[in-house]
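Good morning, colleagues. Please take a moment with the sequence and the structure, and then I shall discuss core packing and one pair of helices.

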Amino acid sequence: MMAQILRSHLINASVIPNRMKMGPYLGVIRTRMMSTHKSKKNMREYYRLLNLDEGCSADDVRESFHKLAKQYHPDGGSNTADSATFIRIEEAYRKVLSHVIEQTNARQSKVEGTEEEEKKFKYNTPQHRHYLSFEGIGFGTPSQREKQYRQFRADRATEQVMEYQKQKLQSQYFTDSVTVKDVRHSKEQKITQAIERLVEDLIQESMAKGDFDNLSGKGKPLKKFSGCSYIDPMTHNLNRILIDNGYQPEWILMQKEIKDTIDQLREAILVSRKKLGNPMTPTEQKQWNQVCEQFQENIKKLNKRINDFNLIVPLLTRQKVHFDAQKEIARSQEIYETLMKTQEVTDKNPNNFDQGEEEKTPGVKTGFFNWMNVWQFIKT
């Protein structure tokens, strides 16, 4: 019995110092465990305040904070503004942002460490001479690399053929593309330069033969423009040469074209009106309406031509106004009525050739003057 009591006392005496030694360490471990659990709990609370899940990015944290700041900032002016809530949200934003950045840096450092380890233990094959051929294509033994290189060359040739066919189709069906235009422009420029060289060679050859020796005015200066001293003599001489050879500016040709066109249209509608009766029957009225519609279309085309003329005419006073189709139709109707009245007067008072020129009736003279007036009206 005494032995058992002594044994228990010895055991307790040996255990007490060990407990005394381990006491501080146990307290530190317990404190760390409690702080870790508390920090995790607080971090979850911070995530909940920002309406985020763990594993989100820093951009998500900033975006969520901006949305909540607009709602709870005291100076935001919203109905849900609350300074206490905003302070908690701001604190959560700082904690969560730092936590996310730490996790991102840890992942990056882990990945970089893994890559360094892989590079360290990766086997680098020796670069022998046969591995430097075949343009660096393929892998394996030299025979395998040769087969792979042959396949690569075949594929590359196929791609080049397809590219050539594509460019050919583009030049055929897309003639207005920039590439085709550049090629065409370069070809035209080469042709122009070749023609200029040919002309220059012909001129030099003619001069060597003496074809220019018998020209009138050889060795004499060109006649200067004496009518106006404000124009460059060279410009005047060039204009005189162009005029002597029958050259006319484009706007003059266009002006003549417009004048001839309106005269033809007026004459055509007057002829069409003469072919119809007076008064017109329903069928003739339909024909006249069709003639008028066609006349209006022609006037529209002529007005477009007038627009082009007004853009290139050098003088503002030379510009033309558009023709009014309705006025032209009414004008042709008036000419037709005048012609009909003149014809009636002529029919009532025919010329009496037997009595001589002195015995002509006054009605015939009146009809002649009416015809003259109508002719002048048509010409204008």
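Which residues does Leu50 touch, not counting residues up to four places away in sequence? In this predicted model, Leu50 touches Val61, Ser64, Leu68, Ile89, Ala92, Tyr93 and Val96.

Leu50 also belongs to the largest nonpolar core, which has 19 residues. Leu50 is among those with the most contacts inside this core, together with Tyr47, Leu52, Cys56, Val61, Val96 and Val100. Three elements give two or more residues to the core: helix H1, spanning 2-49, helix H2, spanning 58-72, and helix H3, spanning 83-121. The largest share, 7 residues, is supplied by H3. Apart from this core lies another, of 17 residues, and Ile269, Leu276, Trp288 and Ile299 are among them.

I turn now to the helix pair. Packed helices are described by the angle between their axes and by the distance between those axes. For helix H7, residues 250-275, and helix H9, residues 325-348, the angle is about 50 degrees and the axes are 10 Å apart. H7 is therefore oblique to H9. Their crossing is right-handed.

Which residues make this contact? From H7 come Arg266, Ile269, Leu270, Arg273 and Lys274. H9 contributes Glu328, Ile329, Arg331, Ser332, Gln333, Ile335, Tyr336 and Leu339. By character, the residues of the contact of H7 with H9 comprise 6 nonpolar, 2 polar and 5 charged. Ile269 thus appears twice in this account: in the core of 17 residues and in the contact of H7 with H9.

Notes: Residues numbered from 1 in each chain as written. Predicted model: local features only at pLDDT ≥ 70, side-chain atom pairs only at ≥ 80, totals over all residues. Heavy atoms only, no water. Core = buried A, V, L, I, M, F, W, Y, C linked by side-chain atoms within 4.5 Å. Buried < 20%, exposed > 50% of the residue type's maximum accessible area, 1.4 Å probe, protein only. Helix = DSSP H or I, 4+ residues; strand = E, 2+ residues; numbered from the N terminus. Contact = heavy atoms within 4.5 Å. Axes fitted to C-alpha atoms, helices over the stretch in contact; angles between N-to-C directions. Parallel < 35°, antiparallel > 145°, perpendicular 65-115°, else oblique. Left-handed = near helix turned anticlockwise from the far one by under 90°. Nonpolar A, V, L, I, M, F, W, Y, C, P; charged D, E, K, R; others polar.
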